[in-house]
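Reader: I'd like to learn how to read a multi-chain model, one feature at a time. Could you walk me through it?

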Amino acid sequence: MNFWIVLTVNSITFGGLLFLLASGFSLIFGLMRIPNLTHGSLFMLGAYVGGSIVIGLFGFKLNFWLAAVLASLTVAALGALIERFLLRQLPGDQLAQVLVTLGISFMAADFCLMVWGGDPMSVATPEGLGGFARAGGAVFPLYRLAIIAIAVVVAVALWLLLDRTRLGAMIRAGVDDPDMARVVGIRVSQLFTIVFALGAGLAAFAGIIGGPILSVYPGLDQDMLPLALLVVIIGGAGSLLGSFVGSILVGFIYNFGQALLPELAYFVLFLPMLLVLLLRPQGLFGRHVP
Amino acid sequence: MSEIFSADNRLRFIALAIALAVLVSLPFWVSGIYYINVGSQILFFAVFALGLNILVGYAGLVSLGHAGLFGISAYATAYMLQHGFGHTSAIMMALVVGVASMALFAVLSLRSSGIGFIMITLALGQILWGLAYRWISVTDGDNGIPVRGRPAPFGYSLTDPVHFYYASLIVFIVAVAMVFIFVRSPFGAALMGTRDQPRRMNALGYHVWMIRFYACLFSGLLTAVSAILFVYYTNFISPQTLSLTASAEVLLMVISGGPGTLLGPIVGATLVVVIKTVVSGFIERWNFLLGAIFVAIVILMPEGIVPGSARLWRLVTRKRTAAPPAPAATTERTP
Amino acid sequence: MSALTISGLNKSFGGLHVTRSVDLDIQPGERRLILGPNGAGKTTLFNLITGELTPDTGTIKLFGQDITKVPSRDRPHLGMARTYQIITLFGKDTIIHNVRLALLGLSPMRWNPWTNLRRDDRFTETGHKALARVGLSHIADRPLSQTSYGERRRVEIAMALAQEPKILLLDEPFAGLSIDERRDVHKCLMAIPRDVTIVMIEHNMDVALEFAEHITLLHFGEVIVEGSRAEVVADPRTREVYLGH
Amino acid sequence: MSRKVTRRKFMAATAAGAALATFKFPAPAIAQAAPFKLGLLTVKTGPLAQGGIQMEQGVLTYLKEKNNTFGGRKVEFFSADTGGSPAGTKTKVQELVERDKVDAILGPLAAFELLAITDYIAQNKTPMLSLAGAEDITQRRPNPYFLRPSATSAQAMHPMADFAAKELKLKRIVTVSEDFAFGHEQMGGFQETFENAGGKVVAKIWPPLVTPDYTPFVAQIADCDGVCQGFAGSNPLRFMKTYASAGLKYPVVSGETGGDDALLRIMGDEFLGMYSCCPYTLDLANDSNKRFVAAMQKDFGVDPGFYAAGLYVATQVVDEGLKLNGGKSDDRAALTKAMRSVKLKDTPRGDLSFDQYGNVIGDFFIRQVAKEGGKYVNKTLKTYKNVSQFWTYDEKAFLARPVYSRNYPPVKS
Amino acid sequence: MATSALRLENVDAFYGDSHVLQNVSFELGEARMLGLLGRNGAGKSTCMNVGMGLLSARRGEVSVFGEPVTKLSPEMIAARGVALVPQGRRIFRSLTVRENLIVAARKPDAGSKHAPWTIDTVFAMFPRLKERSNQMAAHLSGGEQQMLAIGRALMGNPRVLLMDEPSEGLAPQIVAEVMTTIRKLKESGLSIVLVEQNPNLVFDVADDIVILNTGGVAVVSTPAALRQDDALLRQHLGVF
């Protein structure tokens, strides 16, 4: 009984973390049609930068939350540079975008190795969240529950941004019909840089938030990227709801698959992605894009 | 255009003869078996890249799951040998498994093209990786499967690195010849037609799906062949061989050299293998270098090293005798 | 027997009804012009005839054979060829190779992976003949990227002709051409023998009217007027569609 | 930022190595002046990198102590990063053997890396001293060129199981370890001895080597009075954290990697009270160890653990073996034989000798994690002397049984 | 003469290799309405796209109130006071009606004589849009979509309005409504180019007429003159 409860709660927390990661991927893939394979690297970079600030590796120390914000901003700026100087050169050429982002991910992985070495970095749980919540004989770490809350907050904030602000409407207009958006005076290219930076910042934020659970180590990027891909393809690119549902779904498949079907854990993990691609290519909540 | 060398025939013949002579004589002038082994790796990775190039270059279908196919053939070989079968049956089984998996891949992924194809092959590749990694009872997971010994065709043991090099060279030459003939054949022309204008090809009476399917099988065959050489070379197979990074690496070979050319994947394979093995001994940040090369090629020389240098060469030698060609637009819109 | 018989053809995308109960009957050797303003459903009708789209209801018969369910790739083998309004050629290849592909499409040779296509004289010779019909055989070996727009239009037609079709569907063969180029294309079309049935979509009436003896006017996916050139031109409904009275 | 000695940096630092930094084709060697070439296969990336970096530091510490000279011969040191993958190990071992033509190889780290190259090593007749598990290389499929101066995977687990059953009085244990050869063999050895002593292994859980989140596995731990974890590299940290955050309180026992001294500086309270058994312990009070620990702290700013000590000792064995062989390294078989005949007293791990298969016979220490003066320490509770890879079992009977594996011994229902 | 609101001078434009506009020149006077006529494929929409910067002229010059804009991007041309009601309306389908208007909002120029357009004034002009302000634009009827497209263009407070076949695909009654709106806009002092296939709609409202035929300017005239010249109309617009 305990086993089921713990695993269920963990599926949701893991799903929450995945949402933080995948929502940025979904924004970039869904809105800009860029299959950004650096997303895992941005996640890892965020975790490293954030973790380093927390333990004072750069000569100054900040608390966990400030470090998270600073790391996200740093990586967002990096994302803006990548978009501006590399991806901007390849409008609409998805193959070239796949290749360039892959190349950048090679470089990023090696860069992290150079700066932080092979030693894993463990990020301490932020103060006040080290405790437990108990319910019905099961024990839940507070920090993991906090991740659920953070994911919900971020989801709502993103939804408000995209759905309730002029900026969000402009972004959606730019996606709907970039030419017309420019005709009505929207600077679409600038907007896309913002979207890419936002996505990158979200990935970095997910990285640092995940730090206390996953810790940071070389290869983290390659572990997370396929999960982000899974979520977005299952949920539907560009759909916030899709990312949310997809994340929780993948959280469940991942946790229960590992525990109940260890030999086929990765098979059952990627099978839904294949099924969705074959049967509903736009994803469960995606709009069909011809 | 599928003309590989645009120079005249005699020049082409001389270049070919020199290349062949260099390859055949390599063991005599390279000191140390280390570099001979690097040569073998270049040869069988070139076969792998040639196989992927059938899809990427000639069919316009970009696969990010080819390492999975490569791995499944390698595992098939290792599994058969581990279970006491001989080399012949292991190799046969690997070929059958490789081509059959490719057929399954094709049936699932040919429903779409473009980014959809990339994503489906990526998912399939990850599934195979996941099976290799976690289906412990068959693959022994991270431990991998060791392969003991190499075959000795006609009593010529491939355990000797030089012998293995020549075996790889023969396979490589056969593969290059096959691709060379294929590209010039009517079917090759049809395949390239489906790459450039699938809709038009359909309207001209071609069965686009079937053409792509057969191309996949050919690609799968070359992939399986290279995987067999690989597994005998390393005498070992483990899940890392099937990873997304491995798929990306072979794609890098094709793209960097020049997709849709015969020479491109060979040059690309040489580049990547040399950076991975030789250069990595001197430059610690070789992974960074590989990524940087990747990015630079896509941005600066999107057609790849071979066509890119050919273009530069023409620019230098011909000094603009002809008017600059118009952009090769194939589809125009009218208002 | 009619060359092409279409009856009760309907097609809608989502809620949009683009083809409404279209009936057409085209005799062998006929030159038929399909007219209509933008969005009248002309290209959709072509795509239904060639099988690139599947009709919701209705049947299409080619020389009496029901081809409604025949896949589009098999229709060229039954004697149907088409050109595209948006030029759809193999831009990286030579002109002759474009025509060769058209010829190869109908030959069992297309599955052959070992002979050298370029050395196959049959395709090259026949290809040259087809190019001669559109006046391009002298530049057959020129890469398509170095040809003019008008020449490409003619390559489109040469490819269709190379397939020796019994019925030829031309989708705006004059679109985007200059006056001189238009004259060249017109000449090519006039030279096509009468055993080929031709159905043409065209906006440009100056040339098209000269060419077609039968006209079908489509509007909002429906056949509004059909008849001889004079009848359609005189019909007040034509005037309404075009001049808005 | 981690302090890493890269290959290039080190080469530049050693006089003999300076010339090697450039591309070179091998020149004919002049017998006397020829330096002794020592290769290292280690892991500097991925979850095992934590140990791999210490391995290199262990070698460098010994080389520095001996001024890069073994019995009058200069030592040229080649270090290669396998990336923790079998395929990478194969490539790198070829580089060391075929290109650099090393006389002996230290490493690799992991059993699954070793398994990938053991045939190659035998074929190429290069002495290899590894701390990797892979039991059978010194048991049922011995490799004449192989030495293991550290421990087989199960060697530390036999005493640990003995201690858990007899002194901790544990009855029912769940084992958790990485799903690869080292983990399988560790847990097999633990189970065998633990069940012989009257305990019972109720479940064996196998997370993959790379597991972002251990919760799905930790959630399966139930119905027991103790846990045996066999994680390696940095994984013990992440496992123990998840274990504690799931609120589990069962006592935990572990092997040399699970409670490695090198992890002490990054441990948290979740480790307090954990037992481990190791062929090396930081608090061993002999001269050799004091010298070693001081040098490691001075040069690298870290406390050494099992990986650093293991490689320090392995290098020591190479040095001694070369001396016993009269400084000659051309006859690799003789060199290997000489190394296997080495008997050492003054090593950081205490007394050491080899059995006929090239595996170490030495002391194993049971320790417990405690907190002293704000720092975590492993306090030695008991020392098992002269433990062989066969523990107390009869060698013949032991070898007649299958090698420890994922399913051997099986879990009895 | 006062500076023209929009002027195309000797413009050549291409889609790929297809030469769509050949040496096209015409100008729109300030506060006037120019009717642009021609058959399908004559190049009318291309003129609008060139004017808006969606397609850049390969030769020739485009200027807005005397300022050259030939090489400028659409958003920069929009900032100079040009707005487009495109063919096919091309409203942002996944945005609500209100959002469609909000994203296009731009403050009027400092010297503007007219009361600026705001959501409220647009809604006042098209009460039906107000009723549907929170609906997805994709769910609007064709006529409503056309109103939205016009409203969206007005939100940018343009000085020049380019309208590309606003009557296309609409029922006659709706067409009349749209034409009434256009007339009002003209009276408010906007300079307008109205592209139509249907000459009679244009004749009622336009001050000047330009007829394009196969990518070139065939006729420059006035509605009054053209009403008299049926032959000319047939030659350039009719089926014969």
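Author: Sure, and keep in mind that this is a predicted model. Let's start with a length check on a helix: at 1.5 Å a residue, the 14 residues of helix α4 of chain C (residues 149-162) should span 20 Å, and its end C-alpha atoms are indeed 20 Å apart, so the two agree.

Reader: Is α4(C) enclosed or out in the open, and how many of its residues are buried?

Author: Look at relative accessible area, where buried means under 20%. In α4(C), 14 of the 14 residues are buried, so the helix is largely enclosed by the rest of the structure. Just after α4(C), C:Glu164 takes a positive phi of about 50°.

Reader: Give me one residue in that helix. What is C:Arg154 in contact with, leaving aside its neighbours within four places in sequence?

Author: C:Arg154 sits in helix α4 of chain C and is buried, with a relative accessible area of 13%. Its contacts beyond those neighbours are C:Val134, C:Gly135, C:Leu136, C:Asp184, C:Val185 and C:Cys188.

Reader: And for contrast, where is D:Ala285 found?

Author: D:Ala285 is in the loop between β11 (275-278) and α9 (287-300) of chain D. With a relative accessible area of 63%, D:Ala285 is exposed. From D:Ala285 to D:Gly310 you go 25 residues in sequence and 17 Å in space, C-alpha to C-alpha.

Reader: On to interfaces. How do I put a size on one?

Author: The size of an interface is often given as the accessible area lost when the parts come together. Here, chain B and chain C bury about 3,600 Å² between them, with 55% of it on carbon and sulfur atoms. That contact takes 35 residues from chain B and 45 residues from chain C. Of the seven pairs of chains that touch, B and C have the most contacts between them.

Reader: Which chains have no contact joining them?

Author: Chain A and chain C are one such pair, with closest C-alpha atoms 13 Å apart. Chain D and chain E are another, at 38 Å between their closest C-alpha atoms.

Reader: Back to B and C. How many polar contacts and salt bridges cross that interface?

Author: The rule finds three salt bridges across it. One of them pairs B:Arg200 with C:Glu156, whose closest N and O atoms are 2.5 Å apart. There are also 16 residue pairs in polar contact, both partners at pLDDT 80 or more. On the chain B side, α7 (161-184), α8 (186-196), α9 (198-203) and α10 (208-234) each supply at least two of the residues that touch chain C. The most come from α8(B), with seven residues. By class, that side has 18 nonpolar, ten polar and seven charged residues.

Reader: How does the contact of chain A with chain D read?

Author: Chain A puts in 32 residues and chain D 28. The buried area is about 2,600 Å², of which carbon and sulfur atoms give 58%. In chain A, the residues that lose the most area to chain D are A:Asp119, A:Pro120 and A:Gln258, together 17% of what that side buries. Two salt bridges are counted between these chains.

Reader: What's the general idea behind those pairs?

Author: Side chains of opposite charge can pair when their charged atoms come close. A search of the whole structure finds 55 salt bridges over all chains. For instance, B:Arg148 pairs with D:Asp119 at 2.3 Å between the closest N and O atoms. B:Arg148 lies in the loop between β1 (145-146) and α7 of chain B, and D:Asp119 in helix α4 (residues 111-124) of chain D, so the pair joins two chains.

Reader: Which residues are linked in a network of salt bridges?

Author: They are A:Glu263, B:Arg134, D:Asp179 and D:Arg406. D:Arg406 forms a salt bridge with A:Glu263, closest N and O atoms 3.8 Å apart. The side chains of D:Arg406 and D:Asp179 also meet in a salt bridge, at 2.8 Å from N to O. That second pair links distant parts of the chain, 227 residues apart: D:Arg406 is in the segment after α12 (395-400) of chain D, D:Asp179 in the loop between β7 (172-176) and α6 (181-196) of chain D. D:Arg406 is buried at 16% relative accessible area, and D:Asp179 is buried at 2%.

Technical notes
Residues numbered from 1 in each chain as written. Chains lettered and ligands numbered in written order. Predicted model: local features only at pLDDT ≥ 70, side-chain atom pairs only at ≥ 80, totals over all residues. Heavy atoms only, no water. Contact = heavy atoms within 4.5 Å. Buried area = accessible area lost by both parts, 1.4 Å probe. Salt bridge = Lys/Arg side-chain N within 4 Å of Asp/Glu carboxyl O. Polar contact = N/O pair within 3.5 Å; in protein donor to acceptor, adjacent residues only side chain to side chain. Helix = DSSP H or I, 4+ residues; strand = E, 2+ residues; numbered from the N terminus. Nonpolar A, V, L, I, M, F, W, Y, C, P; charged D, E, K, R; others polar. Expected span 1.5 Å × (residues − 1). Buried < 20%, exposed > 50% of the residue type's maximum accessible area, 1.4 Å probe, protein only.
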